[in-house]
Amino acid sequence: MNTVKQLSRGRFLLDRGASLPLLLPATLLVLVFLVGPFGYMAYTAMTDLSYANPDQNGAFIGLDNFRQLVRNDPVFWDSFWLTIRFVVASVTVEFALGFALAWLIWRFIERQRLLTTLLLVPMMLAPVAVGLIWRLLLQGDFGMVSYYLRAVGLLSQQSAVFSTPYLVMPTIIAIDVWQWTPFVTLIILAGLMSLPKAPFEAATMDGAGPWRQFIDIMLPLLRPIIALVLLLRGIDAFKEFDKVFILTGGGPGTVSELLSIYAYRVNFKNWNLGYGATVAFMVYLVVLILCSIFYKAVYWKSPVGKV
Amino acid sequence: MNKSWKILAIGILACVLVIALTPYLWILLTSFKGRLDILSPDPRWFFTPTFSNYPEVFLGKDYLPLVLNSLIISISSTVLSIGIGVPAAYVFARTDFAGKEDLFFFFLTTRMAPPISIAVPLFMFFTALGLTDTIYAVVIAHTSFNLSLVVWMMRGFFAEIPREIDEAAMMDGRSKLGAFVRVVVPMAAPGMAATAVLCFILSWNEFLYAFILVAFEGRPLTVGIPGLITPHGTLWGQVAAVAVVATLPILVFTFLVQKHLVRGLTFGAVKG
Amino acid sequence: MGVSFREVTKKFPDGTRALDRLNLEFDQGEFIVLLGPSGSGKTTACRLLAGLETSSEGRIEINGKDITHLPPRMRGIGMVFQNYALYSHKSVFENIAYPLRIRKVGKADIESRVGAIADLLQIGNYLHRKPAQLSGGQAQRVAVARALVWEPTICVMDEPLSNLDALLRLHMRTELSRLYRRLGKTFVFVTHDQEEAMTLATRIAVLRDGKLVQFDEPRTIYREPANRFVAEFMGRPAMNTIEGIVRDGIFRAGDIACPVDRPEGPVTLGIRPEQVELVQAGSEDAITLAVDVRELIEPDTLLIFQTGAGALTVRTQKNCDHIEVGQPVGLRFPREALHYFDASTGERLR
């Protein structure tokens with residue numbers, strides 16, 4: 001038998017400080033293509049840059065844009081409150097429906113795989129396609145859903161949903177509910193499936209009926225997951241763009257002009273990039289706040305725990 | 001008693017399923033309808049199918065290259081974000097260093113940021129570099145936002161592989177890097193596949209970045225969709241055909257990764 | 001008056017038969033231990049009594065009343081779970097108070113009752129803590145307090161000590177013994193640990209494959225095991241059982257030959273390790289064997305021999321420092337210490 005060749009040190013050069021070269025590309029990419037541009041945006045927000053007006057060639061104007069936005073831009077504030085209402089309404093309905101569905105599936109269905117897979121369809125479609133599908137379905141003259149809405153008397157004969165201002169936002173919310181309720185269902189269902197049996201058996205022995213068990217045991221145990229779902233959906237709804245852009249483009253007028261759409265209009269329709277950067281910055285700020293809540297409150301207390 | 005509740009529950013779920021699926025079914029049907037069937041005021045569920053919408057839009061209107069663009073963008077951004085993100089995730093899972101959790105959170109914020117606030121500066125940035133209207137711009141944009149998803153998901157998968165595996169590989173004579181490449185990565189392969197598929201889906205479905213960064217050359221399928229809609233005389237059969245091509249591969253993929261979907265959608269916070 | 005299982009069978013959906021026509025009857029105020037290896041049905045029996053499972057066939061009665069289909073909360077049974085099953089989101093106080101809140105006990109009454117049981121179990125100082133901040137032993141006490149605070153008539157415990165480390169387990173065992181004597185309630189205690197069973201029980205029910213094998217006082221179970229299974233299960237190290245044949249009043253198996261009072265034919269001989277006597281090698285009536293392994297378990301010594309009919313373990317209090325491995329030693333089996341089991345069924349022979 002030959003002796004086993006002993007390994008030399010040379011092969012292990014990478015051992016020391018091996019983590020830096022592994023981590024660097026990712027960090028660099030994010031720094032260059034996300035943080036860099038973001039910093040550039042923060043700077044642009046403090047200029048009067050506009051491609052539409054040759055006089056505004058990017059002079060530094062400090063915080064004038066922010067002052068203008070906060071004090072003298074009713075369109076921004078309308079858009080802001082519209083977005084908040086949209087987020088609250090759609091997330092609330094999605095959560096209530098999604099939780100109920102998840103509970104039904106968890107309680108009554110043994111073979112869930114196919115059912116949940118099919119339920120996922122709306123949320124996996126490209127949001128642009130969702131906008132497109134519903135635009136066709138709600139088309140005034142030959143839309144399939146319009147037809148049935150008229151048939152049951154929910155829509156008057158000559159009108160179309162998207163040309164009736166007071167119907168626009170409720171419809172968009174309904175479409176968002178159609179698209180994202182499965183998300184809530186899927187995640188709550190995962191939470192329900194991972195619930196330990198023991199606390200419920202203990203509660204049974206302590207004399208608690210089904211309702212008490214739901215309130216006293218199940219809801220508290222699901223709290224991290226519920227918070228997670230609400231935050232993720234909240235952040236996503238706040239960023240809503242694609243669907244609404246295809247469905248209404250923010251109209252009629254500014255009836256459905258959510259913040260993202262408003263930011264888009266200022267930047268790429270009016271080409272007012274300085275002011276547009278300010279709007280985009282504000283949108284980012286709100287999401288960043290929601291995001292830190294997500295991280296602090298949810299992630300480390302999640303069922304996965306600290307990795 | 002229990003039985004009738006169950007029947008009621010199944011009934012409700014069946015209704016929900018119908019509501020969830022009918023719109024998609026309708027667009028599928030529409031893509032095979034002729035103009036008259038589409039424009040009929042009362043919905044036509046049964047009709048003589050036509051297969052002309054697909055060739056008309058993909059060949060006649062030259063939408064085929066858009067499919068190719070979508071593929072190139074999704075595949076290359078997926079490969080890039082996996083290639084760059086997986087090693088980073090491994091470091092997050094295995095080593096401790098000052099500011100680790102802050103850096104980790106920083107990756108999350110890039111994913112959570114509203115596309116509109118990143119797309120605006122990115123547009124300015126790429127304009128300065130002369131990269132707007134090229135496929136590279138979209139690939140880079142998609143890579144940077146998918147990167148954080150990879151880092152977050154893969155950290156969880158790596159954390160599930162016991163450290164002893166690395167240590168055993170090192171005792172067997174592998175270097176630290178060798179242990180990662182030859183032992184840990186193969187063990188994490190299923191999770192990595194799921195992550196890759198999810199990246200592909202997100203990139204394929206993405207609209208806003210691509211819409212802002214490329215106007216014509218190199219635009220993916222999602223960006224081609226609004227161009228088909230005109231205030232009057234939209235050719236819905238063709239629109240539907242594009243929509244079906246833009247969504248069907250994703251649905252197939254969804255079935256493949258369903259097991260890890262919950263995890264991907266919650267950034268690893270919930271195991272499916 | 002007491003608790004009785006009558007012909008109770010439990011089949012699970014996957015087809016396993018956890019209990020097979022179990023008959024068991026005991027009085028109120030007893031400390032009953034359900035003992036058996038894993039898969040013997042002991043936990044199932046305890047969960048059936050608690051009402052967490054429903055029996056497939058047969059009846060369970062408490063004080064003559066059929067409770068087979070009664071929901072758990074109407075049975076008057078408190079339960080301690082193996083992993084404690086504390087409510088992680090509630091404080092210790094709220095955990096203990098929960099059964100009282102369900103029963104709509106007044107606020108002041110809850111305070112005094114929780115206080116009293118907490119004092120009894122020495123957890124008064126932890127009432128404001130969350131379960132995650134408790135040690136294993138403390139969590140165990142909280143679980144016991146929660147099960148007893150509302151004064152159930154029966155307290156069921158499913159392997160409550162198995163998650164504790166060895167020293168704490170001994171300590172809690174003593175505590176439970178004291179608690180039982182003080183409260184005088186009926187305790188039903190599930191374990192796979194024969195030592196726990198021996199020390200705690202007024203009577204032990206030994207289960208195997210869903211059937212009751214023997215139900216007796218600990219002493220009887222140890223001294224007169226009903227069959228070879230019980231004999232080997234009780235006592236550590238386990239009883240030596242040697243399969244052999246009796247001819248001319250002499251039992252023979254491998255290198256072993258010893259005089260017995262048995263008729264001719266095959267029989268399984270049993271003798272506890274501590275009852276084998278060490279004698280001079282080669283002396284009359286002695287079996288001479290070479291020491292294979294010597295283990296010191298102070299203050300005793302274990303000597304293990306290979307007999308040609310399996311290993312033989314001897315536990316002795318004698319000083320064995322001079323005995324080397326390989327050295328021949330004389331062994332004697334006292335007649336009064338011998339157990340005989342049927343060679344084919346394993347049943348005890350009188």
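This report describes how the three chains of a predicted model touch one another, followed by selected elements within each chain.

**Contacts between chains**

Two pairs of chains touch, and the pair with the most contacts is A and B. Chains B and C do not touch; the distance between their nearest C-alpha atoms is 16 Å.

In the contact between chains A and C, chain A contributes 13 residues and chain C contributes 17 residues. On the side of chain A that touches chain C, at least two residues come from each of α9 (198-206) and α10 (210-238) of chain A. Helix α9(A) gives the largest share of that side, with seven residues. Sorted by class, the side of chain A that touches chain C consists of eight nonpolar, two polar and three charged residues.

**The largest nonpolar core**

The largest nonpolar core contains 271 residues, and A:I187 and B:L213 have the most contacts inside it. Helix α7 (residues 135-160) of chain B supplies the largest share of this core, 16 residues. Chain C takes part as well: domain 1 (2-226) and domain 2 (240-341) of chain C each give at least three residues to this core.

Which residues does A:I187 contact, leaving aside its neighbours within four places in sequence? In chain A the partners are A:I225 and A:V229, and in chain B they are B:V262, B:L265, B:T266 and B:V270.

**Chain A: helix α12**

Helix α12 of chain A spans residues 259-269 and is mostly covered, with eight of its eleven residues buried. The buried residues include A:L259, A:I261, A:Y262, A:A263, A:Y264 and A:V266. A:S260 and A:N267 are also among the buried residues of α12(A). After α12(A) comes A:W271, which has a positive phi, near 55 degrees.

**Chain B: annotated spans**

An unreviewed UniProt entry annotates residues 7-29, 71-92, 104-129, 135-158, 179-204 and 235-257 of chain B as "transmembrane region". UniProt also lists "domain: ABC transmembrane type-1" for residues 67-257 of chain B, again in an unreviewed entry. The table gives the computed secondary structure and end-to-end C-alpha distance for three spans of chain B.

| Span of chain B | Helix | Strand | Distance between end C-alpha atoms |
|---|---|---|---|
| Residues 104-129 | 92% | 0% | 29 Å |
| Residues 235-257 | 96% | 0% | 34 Å |
| Residues 67-257 | 80% | 0% | 22 Å |

**Chain C: domains and a sheet**

Chain C is split into domain 1, residues 2-226, and domain 2, residues 240-341. Taken over C-alpha atoms, the centres of domain 1 and domain 2 of chain C are 40 Å apart.

Chain C has an open sheet of four strands in the order β2-β1-β4-β5, paired in the antiparallel sense. Why is one side of β2 (17-27) and of β5 (65-66) of chain C left without a neighbour in the sheet? These two strands stand at the edges and each has a single partner strand, so one side of each has no neighbour there.

Seven bridges join β1 (residues 2-11) of chain C to β2(C), and this pairing is antiparallel. Opposite C:L19 in β2(C) stands C:K10.

How values were computed: Residues numbered from 1 in each chain as written. Chains lettered and ligands numbered in written order. Predicted model: local features only at pLDDT ≥ 70, side-chain atom pairs only at ≥ 80, totals over all residues. Domains from an automatic or database assignment. Contact = placed C-beta atoms within 7 Å. Nonpolar A, V, L, I, M, F, W, Y, C, P; charged D, E, K, R; others polar. UniProt positions renumbered as here; feature names shortened; annotations may be inferred. Buried ≥ 20, exposed ≤ 12 C-beta atoms within 10 Å, placed from the backbone. Core = buried A, V, L, I, M, F, W, Y, C linked by C-beta atoms within 7 Å. Pairing = 2+ DSSP bridges.
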